[in-house]
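Pull up the model and keep the sequence beside it. We'll go through it a piece at a time.

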Amino acid sequence: MNVIPNVSPKVFSFSAIVVGYLLIDDLTANEQNALGNWLMLTAQVLCTNAFYKQVQADRGTTGNNKEPSTEETIEVLKKMVCAMQTEIDELKNRL
């Protein structure tokens, strides 16, 4: 997918500034905050994914390119779900 245009970095950065300023007039402060947080989260997901792909590529150059098994992946995901549920429960208890 070719989402990134083939322009100079300065033009690409400037386009983000222009879009930001265009959105300011049409949104309330709360809407601006919500959209800004959503965009930052999206950016963090992209950065995290790109970083992890780079880590995997680096590990591949050292000869350790073993992919985790499905069982290992499921176990890690279960631990993540458990940790998130614990956080949710703690937040509910504070309310």
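Ile-88 counts as partly exposed because its relative accessibility is 40%, and that label covers values between the 20% limit for buried and the 50% limit for exposed. Keep in mind that you're looking at a predicted model. On the chain, Ile-88 sits in helix α3, which covers residues 70-94. For a sense of distance, try Asn-6: 82 residues separate Asn-6 from Ile-88 along the chain, and their C-alpha atoms are 43 Å apart.

Now over to helix α1, where you'll find Tyr-21. Tyr-21 has a relative accessible area of 59%, so this residue is exposed. Tyr-21 also belongs to a nonpolar surface patch, together with Phe-14, Ile-17, Val-18, Leu-22 and Ile-24. Taken together, the patch residues have about 620 Å² of accessible area.

Ile-24 brings us to the next stop, since that residue is part of the patch and also lines the second largest pocket. How much space lies in that pocket? About 210 Å³. Two helices, α1 (9-26) and α2 (29-61), each supply at least two residues of the lining. The biggest share comes from α1, with five residues. Besides Ile-24, the lining includes Ala-16, Val-19, Gly-20 and Leu-23, and further along the chain Leu-27, Gln-32, Leu-35, Gly-36 and Leu-39. Sort the lining by character and you get seven nonpolar residues, three polar ones and no charged ones. Gly-20 and Gly-36 are in that lining, and Gly goes in the polar class here.

Technical notes: Residues numbered from 1 in each chain as written. Predicted model: local features only at pLDDT ≥ 70, side-chain atom pairs only at ≥ 80, totals over all residues. Heavy atoms only, no water. 1 Å grid on protein atoms, 1.4 Å probe; cavity = no way out; pocket = protein on both sides within 12 Å on 5 of 7 lines; lining within 4 Å. Points joined across faces, edges and corners; volume = space filled by probe spheres on them. Helix = DSSP H or I, 4+ residues; strand = E, 2+ residues; numbered from the N terminus. Buried < 20%, exposed > 50% of the residue type's maximum accessible area, 1.4 Å probe, protein only. Patch = residues over 30% accessible without salt bridge, like charges linked within 9 Å, V, L, I, M, F, W, Y side chains within 5 Å. Areas by Shrake-Rupley, 256 points an atom, 1.4 Å probe, with all protein chains shown as cover. Salt bridge = Lys/Arg side-chain N within 4 Å of Asp/Glu carboxyl O.
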